[in-house]
Every structure is written in C-alpha cells, then in structure tokens.
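Work through the exercises below with the model open. Try each task before you read its solution.

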Amino acid sequence: MNGPAVQLIARDTFVAETSIKLDQMAIEMKALARELQLIKGDVSELRDEASRNYRFTEFLDREHKSRGNKLDDLGRRFDYLKSRFDAIHGNAKGDYHAFQNFEAVSRRLTELGALERDFRHISWKLKLSVGLFAASLVLWFVVLVTS
C-alpha cells in the first residue's frame, strides 16, 4: 500500500543535502589522500636520486683531486729526476774524470736503468689513470643522460 506522500520539511531537506555533500567530500578526500601518497613516493624517489647524484659528484670531485695530486707528485718526481739527469750529464762541463773506472760507469748505467724503469712504470700508471678517468667520465655522462 502506498501511503500518502509526506512532504519533507526544510530540516529534512537540509540534512539530506548535507549528507550528500559530506559523502562527496569524503570521496574527494580519499582521492586527494591517494594522490598525496603518490606524490610522497615521487618526492622520496627524487630525494634518493638527488642523494645518489650528490654522492656521485663528491666521488668525482675526490677522484679529480686525487688525480691532480698524483699528477703534481709525478711532476715533482720528473723535476727531481731531470735535475739528477742534468747533474749527471748536462752540467759536466768537460769534467769526465768521474768516469775513469768501470765501477763508476757501471754505477751510472745502473742509475740510468733504474730511471728508465721508473719512467716506464710511471708511464703505465699514467695511462691507467687516464683510462680510469675517461671511464668515470663516460659513466657519469651515461648516468646524466639516463636520468
């Protein structure tokens, strides 16, 4: 049986409209909460990426400083060896009396052989350092391009 339709009074209409609006707001707040969680995840990923980039930049700076120090040390060694070589040969000014016996000649040849081995060893280390530096630059470039 259908009963007579009772008209809603103003208070009932207000309550119904407020209930609908509250439900819509709750749905909208849930959507905003999901978006906020996604944004938090993105910010966390960006923070991690920035931290990795910072550590990588610090690593490159340390490597650059280390290579600079090694090159400075190599330059000092080269200058020292050059001064020794000049003292042996360049500044003799005709005084060849130091090489009158085989022992003195043998000692000088041994020094020059050691000098040659040192140059070969330093040259190899320098080539290795340059190769590693180039590889680190390529790796850094690849990381920047892929980011």
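**Exercise 1. Two acid–base pairs in the helices**

Task: Is Asp-73 buried, partly exposed or exposed? Then find its salt-bridge partner Arg-76 and describe the pair.

Solution. This is a predicted model.
- Step 1. Asp-73 has a relative accessible area of 28%. Buried means under 20% and exposed means over 50%, so Asp-73 is partly exposed.
- Step 2. The side chain of Asp-73 meets that of Arg-76 in a salt bridge, at 3.8 Å from N to O.
- Step 3. Both residues lie in helix α1. They are three residues apart, about one turn of the helix.
- Step 4. Arg-76 has 52% relative accessibility, so Arg-76 counts as exposed.

Task: Which helix holds Glu-103 and Arg-107, and how are the two residues spaced?

Solution.
- Step 1. Glu-103 and Arg-107 lie in helix α2. Because they are four residues apart there, about one helical turn separates them.
- Step 2. Their side chains form a salt bridge, 3.7 Å from N to O.
- Step 3. Glu-103 is exposed at 56%. Arg-107 is partly exposed at 44%.

**Exercise 2. Another bridge, and a network**

Task: How far apart are the closest N and O atoms of Arg-120 and Glu-116?

Solution.
- Step 1. The closest N and O atoms are 2.6 Å apart, and the two residues form a salt bridge.
- Step 2. Arg-120 and Glu-116 both sit in helix α2, four residues apart, about one turn of the helix.
- Step 3. Arg-120 counts as exposed, at 53% relative accessibility. Glu-116 is partly exposed, at 42%.
- Step 4. Elsewhere, salt bridges with shared partners link Asp-73, Arg-76 and Arg-77 into one network.
- Step 5. The structure holds seven salt bridges.

**Exercise 3. An aromatic pair**

Task: How many aromatic pairs does the structure hold? Classify the one formed by Phe-78 and Phe-119.

Solution.
- Step 1. There are two aromatic pairs.
- Step 2. In the pair of Phe-78 and Phe-119, the centres are 6.2 Å apart and the planes meet at 65°. Planes over 60 degrees apart count as edge-to-face, and this pair is edge-to-face.
- Step 3. Phe-78 lies in helix α1 and Phe-119 in helix α2, so the pair ties together parts 41 residues apart in sequence.
- Step 4. Phe-78 is partly exposed at 43%. Phe-119 is also partly exposed, at 34%.

**Exercise 4. The largest pocket**

Task: Which helix gives the most to the lining of the largest pocket?

Solution.
- Step 1. The largest pocket holds about 380 Å³ of space. It is lined by 14 residues, and those closest to its centre are Lys-70, Leu-74, Lys-125, Leu-126 and Ser-129.
- Step 2. α1 (10-90) and α2 (102-146) each supply at least two lining residues.
- Step 3. α2 gives the most, with eight residues.
- Step 4. By type, the lining has seven nonpolar, two polar and five charged residues.

**Exercise 5. The whole chain**

Task: What percentage of the residues of the protein count as buried?

Solution.
- Step 1. The secondary structure comes to two helices and zero strands.
- Step 2. Of the 147 residues, 7% count as buried.
- Step 3. The accessible surface comes to about 13,000 Å². Carbon and sulfur atoms account for 63% of that surface.

Definitions and conventions:
Residues are numbered from 1 along each chain as its sequence is written. This is a predicted model: local features need pLDDT of at least 70, side-chain atom pairs count only at pLDDT 80 or more; totals for chains, interfaces and linings use all residues. Side-chain values use heavy atoms; hydrogens and water are left out. On a 1 Å grid over the protein atoms alone, a cavity is a set of points where a 1.4 Å probe fits but cannot get out, and a pocket is an open set with protein on both sides within 12 Å along at least five of seven lines; lining residues have an atom within 4 Å of a point. Grid points are joined across faces, edges and corners, and a volume is the space filled by probe spheres set on the points. Ala, Val, Leu, Ile, Met, Phe, Trp, Tyr, Cys and Pro count as nonpolar, Asp, Glu, Lys and Arg as charged, and the others, Gly among them, as polar. Buried means under 20% relative accessible area, exposed over 50%, partly exposed in between (1.4 Å probe, protein chains only). Accessible areas come from the Shrake-Rupley method with a 1.4 Å probe; for residues, only the protein chains shown count as cover. Rings of Phe, Tyr and Trp (its six-membered ring) pair if their centres lie within 6.5 Å; planes under 30 degrees apart count as stacked, over 60 as edge-to-face and the rest as tilted. A salt bridge is a side-chain nitrogen of Lys or Arg within 4 Å of a carboxyl oxygen of Asp or Glu.
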